[in-house]
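This report introduces a protein structure to a reader who has not met it before. Please keep the sequence and the structure in view while reading.

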Amino acid sequence: MVMGTTAGLLAVIVVYLIMMVVIGVYYSRKNENVGDFYLGGRKLGPIVTAMSAEASDMSSWLLMGLPGVAYLSGCAEAGWTAIGLAIGTYFNWLIVARRLRRYTVKANNSITLPDFFSNRYHDKSHALMAISALIIVIFFVPYTASGFAACGKLFSTLFGVPYLPAMIVSAVIIVAYTSLGGYLAASTTDLIQSIVMSLALVIVVIFGIKTAGGLNTVLENANALDGFMTLFASRNPADGTSSPYSALSIVSTLAWGLGYFGMPHILLRFMGIEDEKKLKTSRRIATVWVVISMFVAIFIGIIGYSISKAGAIEVLEGSSQAETLIIKIAMLLSQHGVLAVIMAGLILAGILACTMSTADSQLLAASSSVSHNLLSDCLGIKMSQKTSMLMARLTVLIIAVIAVILACNPNSSVFQIVSFAWAGFGAAFGPVVLFSLFWKRSNRNGALAGMIVGGVMVFVWKFLIAPMGGIWNIYELLPAFLCASAAIVVVSLLTAPPSKEIVEEFENI
């Protein structure tokens, strides 16, 4: 790229990043206690609730991971994943959001998910709180690392700078506004970032179709590839052949939707809305945005093939390269004048938005687990409000440093890291959330068993069972979720029923 184009793109991105930090500084003065820092005092409106939940959900996976998968292997895996996520999004808002908002207030005004589990089951031993806090740290640190890695790939590919310093600078910006402004800053920036992400998707599609030679050309090229445009076959990019996408694979991929019931950073948005009656509006906004954005992201992968075939960008091989597709398109767009540079800058800011909107929420959830749940509640360390706020911000920094260390490998796949962390939360927390909200007979022992079984089974299935291949090679979330659910039911029924006080509290909800 010529120097002027590079400077223009960098200027747009810098302005965007400065705006995020300014928001963090602004909201830093509104955090009077840790409740405000971690849950914003339950003051979010329906639009901010909806868009911040979905922006924090999508991560760099939306603009990098999903188009990359579609570019390499066609519509099957990407399409069924998107369908599963759309269904999961809708039902999470429909059946979990309102009851969780109401129950967390009733359960001693719980401000984190570990708080809720402990207060819901009146767990005086704090075992539920400690285990759930550890699970959040275990799975959120690599999840956050994938976001930092995406930022590093962006700047490295765009400006030709070394990956490591680019990734570290990105992490510093995210940590700055998150540690300053907390939940309110994260939610407000997420709303802005969802708008930027939407603009980026629209610009890429319009420019991509034009560059590829028109919509008809895009569809003709895609249809000419064996198994590329069907939901029932998967293309092997290595040799150009396709194989059937089995019913088992479809069910396994749809299981992505189960993950929503256990995502701490999304569930926190339900807990933070000012009025539970407004969740219906939030549900409609969130579901429509998710369906449209994922469809467009997959279509970008389809368009990308035609752009490669036209010679406008090189052929991208392997998942790590394919995930830079949208960056390549933005760089191509930037060569067409000043206005194009600004639009390309918006696309790149959109990639940052995807990453930052998730990373900030994850940092907050992980920080609350360590400083609020482990140190204060479990270990009984007494801290003043000022010291608690300082510890919360310090924890954000420490967790970010660990994530930076894990993100040092530039060849890691964003899609694969997100996939594993998503399974971890979905299996460890999803069944516990659902049973705690909807089954009166569930007890503390059952919840603890489900949490441990779900978390452990994700590792067991991923690294021991799935490599066996055949019918065992399915997404680890599905079997782990089922095992966790069974553990909750069996252990709850084999141990003492919940106390009368717990049952009455449940029935009042």
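Ile83 is found in helix α4. The model is a predicted one, and this helix is a convenient place to begin.

**Helix α4 and the nonpolar patch**

At a relative accessible area of 32%, Ile83 is partly exposed. Together with Ile87, Tyr90, Phe91, Leu94, Ile95 and Phe438, Ile83 forms a nonpolar patch on the surface, and the accessible area of these residues together is about 560 Å². The greatest contribution to the nonpolar patch comes from helix α4, residues 75-106, which supplies 6 residues.

**Buried helices**

Helix α10 spans residues 264-272, and 9 of its 9 residues are buried, so the helix is largely enclosed by the rest of the structure. Among these buried residues are Pro264, His265, Arg269 and Gly272.

Helix α9 covers residues 247-254, and its buried residues are Ile250, Ser252 and Thr253. Viewed down the axis of α9, the buried residues lie within an arc of 165°, so they line one face of the helix. The cover over these buried residues includes α4 and α18, the latter being residues 477-494.

Ser436 offers a view of a single buried position. This residue belongs to helix α16, residues 414-438, and counts as buried because its relative accessibility is 0%. When neighbours within four places in sequence are left aside, Ser436 is in contact with Tyr103, Phe116, Arg120, Tyr121, Ser442 and Phe506.

**The loop after helix α4**

Asn108 is placed in the loop between α4 and α5, the latter being residues 113-120. Although Asn108 is not a glycine, its phi is positive, at about 60°. Asn108 is exposed, with a relative accessible area of 61%. Asn109 is found in the loop between α4 and α5, and its phi is near 50°, a positive value in a residue other than glycine. At 44% relative accessibility, Asn109 counts as partly exposed.

**Salt bridges and cysteines**

The count of salt bridges comes to 5. The table lists some of them, including their N to O distances.

| Acidic residue | Basic residue | N to O distance |
|---|---|---|
| Glu276 | Arg102 | 2.7 Å |
| Glu274 | Lys278 | 2.9 Å |
| Glu507 | Lys440 | 3.0 Å |

Which residue meets the side chain of Glu276 in a salt bridge? The partner is Arg102. Because Glu276 lies in the loop between α10 and α11 (279-309) and Arg102 in helix α4, the pair ties together parts that are 174 residues apart in sequence. Arg102 counts as partly exposed, at 29% relative accessibility.

The side chains of Glu274 and Lys278 meet in a salt bridge. Glu274 is partly exposed, with a relative accessible area of 37%, and Lys278 counts as partly exposed at 31% relative accessibility.

A salt bridge joins Glu507 and Lys440. This pair links distant parts of the chain, since Glu507 is in helix α19 (residues 500-508) and Lys440 is in the loop between α16 and α17 (444-465), 67 residues apart. Lys440 counts as partly exposed, at 36% relative accessibility.

A disulfide is a covalent bond between the sulfur atoms of two cysteines. In this model the count of disulfides comes to 0. Cys75 counts as buried at 11% relative accessibility, whereas Cys483 counts as partly exposed at 31%.

Key. Residues numbered from 1 in each chain as written. Predicted model: local features only at pLDDT ≥ 70, side-chain atom pairs only at ≥ 80, totals over all residues. Heavy atoms only, no water. Patch = residues over 30% accessible without salt bridge, like charges linked within 9 Å, V, L, I, M, F, W, Y side chains within 5 Å. Areas by Shrake-Rupley, 256 points an atom, 1.4 Å probe, with all protein chains shown as cover. Salt bridge = Lys/Arg side-chain N within 4 Å of Asp/Glu carboxyl O. Helix = DSSP H or I, 4+ residues; strand = E, 2+ residues; numbered from the N terminus. Buried < 20%, exposed > 50% of the residue type's maximum accessible area, 1.4 Å probe, protein only. Arc of directions from axis to C-beta. Contact = heavy atoms within 4.5 Å. Disulfide = S-S within 2.5 Å.
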